[in-house]
Structures are given as C-alpha cells and as structure tokens.
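Trainee: Please take one part of this model and go through it closely. I want the contacts, the rings and the packing, with cut-offs.

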Amino acid sequence: MEKLLSAGPAHTSVPDSFILPPELRPSPRASSGSISLPVIDLGRGRDEVRRAIVDACRDLGFFQVVNHGVSEQAMRDMEAVCEQFFQLPAADKMAFYSEDTCTPNRVFSGDMYGDKGYWRDCLRLACTIPVGDTSKDWPDKPQRLREVAEKFAVLTRGVGMELLRLLCEGLELRPDYFEGDITGGGLAIKVNHYPPSPDPSLTLGMRPHHDKNLITLLLAGSVPGLEVAYKGEWIGVEPVAPDALSVNFGRLLEVVTNGRLKSVEHRVVNKPALARTSVALFILPLGGSLIGPGEEFLGEGDDPPSYCPAIYNQFTR
C-alpha cells in the first residue's frame with residue numbers, strides 16, 4: 001500500500017488500517033445539522049469589529065473575516081498550487097515524505113500526532129518571519145509553490161496579528177499584548193488534502209482536537225468537511241464565501257486568558273465523491289516561551305490560576 005493516499009489510484013474500499021473503532025466513527029447521529037460561521041467585515045468601524053470578535057470567541061469560537069487585505073488572487077493562487085502539489089507524480093511528493101513529527105517541512109499521511117489511521121495527506125511547511133531563506137527548504141514543484149506560499153503566508157499572518165490587536169482592544173488590554181515571544185516563533189502552514197473516501201462512515205479526515213497555538217487562519221475551500229463541537233453536538237460548517245478566511249483561537253489563548261476565552265474542539269469528516277483541500281496557517285510562539293495565565297486575568301478569590309505554567313515545547317506535548 002502507498003504511504004500517501006494521493007500517491008496511488010483511487011481507493012474502492014477502505015483499507016483496514018483506516019477503519020476507525022465504532023465509538024470514533026462519525027455516525028449520522030453524532031452530527032446535528034450545519035451552521036454558517038459569523039462573518040466579521042474588517043472594513044467596518046473598529047469598535048464594531050472588536051466587539052464582534054470578542055462575541056464570536058465567547059459563543060462559537062470560530063468565525064470568518066472578509067475585507068481582510070489578502071487579495072482574492074493570492075488566495076486563488078494558493079489554492080491552485082496546493083491542489084497541483086497533490087496531483088504531482090508520487091515520486092515528486094515522496095521526496096518530502098517523512099513520518100518524523102519533528103521534521104519541519106514534510107509530507108505525510110494521517111494526523112498531526114503521527115497516527116496514520118486518518119484519511120488525510122498533509123504538506124507541512126515551516127517558515128520564519130521574515131521568511132528569508134526558509135522557503136528554499138520547501139518543495140520546488142509545482143513551479144510557483146514557493147513564491148505563492150510565501151506571499152500568502154506573509155499576508156495572512158498580517159491578518160492574524162491585526163485580529164489579535166483587535167481582540168486586545170476588545171478585552172481592554174494594551175494592543176501589543178500578544179506580540180513578542182508568544183507570536184515570535186514563525187509560522188506553520190499545513191496543506192490538508194482529503195481524498196474521496198469509499199465509505200465516510202468508517203473514516204475521519206482529522207480526529208477531534210484543539211489547536212495548540214494562539215490563532216489559526218484557514219483557507220477552507222469550497223468543499224465542506226469541517227465540524228465543530230457546539231453545545232454537545234458536532235455541527236457541520238457551511239462552505240464560506242470565496243474571499244473569506246476562517247479563524248479560530250487555540251488552546252494557548254485559553255490558557256493565557258485563564259479560561260475566559262475557550263478554544264473549540266473540531267474535526268474533519270470525509271466525503272465520498274469529492275476531494276477537499278484546505279490551507280491552515282498557525283502563528284506560533286518561540287519554543288522556549290513560558291506559557292501560563294496572564295496577570296491581567298488573575299485576581300484574588302474568584303480568579304485563581306486555572307492552568308499551570310509550562311514551557312511551550314512541554315505544553316504542546
């Protein structure tokens with residue numbers, strides 16, 4: 001069997017290694033309808049926008065933004081080169097294949113924890129800010145991947161940092177509260193490719209999980225598959241507008257705010273006839289950063305620390 005799902009012919013049945021135990025399968029009874037994420041127009045007044053961000057964080061935990069400054073051309077180019085990568089001959093993709101979760105730039109099959117039993121191929125790219133020479137470690141095929149991915153990464157990180165500033169204002173913190181070590185560890189870009197599943201009732205594209213970082217921005221594509229945990233149910237997320245970016249805050253924000261804002265568990269279900277490709281950009285802290293509740297979120301009596309401080313590299317483990 002090929003090490004990548006996209007490296008061989010389309011599967012007509014689910015291999016045994018991808019069949020989940022019954023309690024983990026996405027049975028129809030485990031899902032309750034679908035929703036459209038709140039849409040926040042970043043072109044509106046600043047007071048309105050920051051209130052909307054805080055409200056979205058306290059309710060669903062996911063939202064989408066429009067008029068964010070990443071051009072539609074940059075988004076379509078990123079979608080195109082990512083889809084082209086997974087259409088490359090197997091040998092070109094396998095040149096970057098690695099099962100070592102510590103390898104910063106690699107392509108692999110399965111989930112982020114090294115479990116190969118999930119119906120997903122993933123291209124992971126790492127870069128510093130500014131990007132500099134780190135893009136030279138990325139695949140050189142398709143031809144424009146490095147150029148397009150660098151442009152998308154820089155622009156999208158800018159959106160993420162602006163969202164964090166707006167969140168700070170909404171929480172009455174200084175605007176640069178989340179600048180420095182906590183967002184100074186560069187970026188991880190994960191291009192997630194979910195081939196059609198012969199039987200989506202037996203598989204998952206991604207296990208239920210919380211993102212470990214502060215903020216994630218997602219170019220979701222037009223094919224649905226993302227589900228979020230909401231009020232005890234799994235809710236399918238409707239495809240967003242073509243020019244929108246989806247946003248969610250991760251476990252790190254929950255820790256720093258001492259639980260005032262919660263990260264939201266989410267997963268990806270597979271589709272029987274359509275492939276889905278999405279691009280997630282994670283803004284990371286420095287690996288040696290001390291992670292813990294901020295003093296601004298602690299008080300005597302009613303607000304003791306709910307989380308123990310930890311170095312980020314330990315925190316992720």
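Mentor: What follows is a close look at the loop after one helix and at its surroundings. This is a predicted model, in which local features need pLDDT of at least 70 and side-chain atom pairs count only at pLDDT 80 or more, while totals for chains, interfaces and linings use all residues. Residues are numbered from 1 along each chain as its sequence is written, and side-chain values use heavy atoms, with hydrogens and water left out.

Start with the helix. Helices (H or I, at least four residues) and strands (E, at least two) are DSSP runs, numbered from the N terminus. H4 covers residues 145–170, 26 residues in all. The expected span is 1.5 Å times one less than the number of residues. That gives 38 Å, and the end C-alpha atoms are 37 Å apart, so the two agree. Just after H4, Glu172 has a positive phi of about 60 degrees.

The loop between H4 and strand S6 (187–194) holds Thr183. Thr183 is buried, at 2% relative accessible area. Buried means under 20%, exposed over 50%, partly exposed in between (1.4 Å probe, protein chains only). A polar atom of the Thr183 side chain lies 2.8 Å from the backbone oxygen of Phe178. Contact means heavy atoms within 4.5 Å. Leaving aside residues up to four places away in sequence, Thr183 touches Arg157, Met161, Leu164, Phe178, Leu214, Ile283, Leu284 and Pro285. Thr183 and Ile283 are 100 residues apart along the chain, yet their C-alpha atoms are separated by 6.0 Å.

Now the rings. Rings of Phe, Tyr and Trp (its six-membered ring) pair if their centres lie within 6.5 Å; planes under 30 degrees apart are stacked, over 60 edge-to-face, the rest tilted. The count by this rule is six aromatic pairs. Tyr177 and Phe178 make an edge-to-face pair, 5.1 Å centre to centre with 90 degrees between the planes. Tyr177 counts as buried at 12% relative accessibility, and Phe178 is buried at 2%. Tyr177 also pairs edge-to-face with Phe297, at 6.4 Å and 75 degrees. That pair links distant parts of the chain: Tyr177 sits in the loop between H4 and S6, Phe297 in the loop between strand S14 (290–291) and strand S15 (310–311), 120 residues apart. Ring pairs thus join Tyr177, Phe178 and Phe297 into a cluster.

Finally, the packing. A nonpolar core is a set of buried Ala, Val, Leu, Ile, Met, Phe, Trp, Tyr and Cys residues joined through side-chain atoms within 4.5 Å. The largest one has 78 residues, and Ile53, Phe63, Met78, Leu167 and Phe178 touch the most other members. H4 supplies the largest share of this core, 12 residues. Leu167 touches Ile53, Val54, Cys57, Phe178, Phe249, Leu253 and Leu261, again not counting residues up to four places away in sequence. A second, separate core has five residues, among them Leu5, Val14, Trp119 and Leu202.

Note on methods
A polar contact is a pair of N or O atoms within 3.5 Å; within protein, one must be able to donate a hydrogen and the other to accept it, and residues adjacent in sequence count only if both atoms are side-chain atoms.
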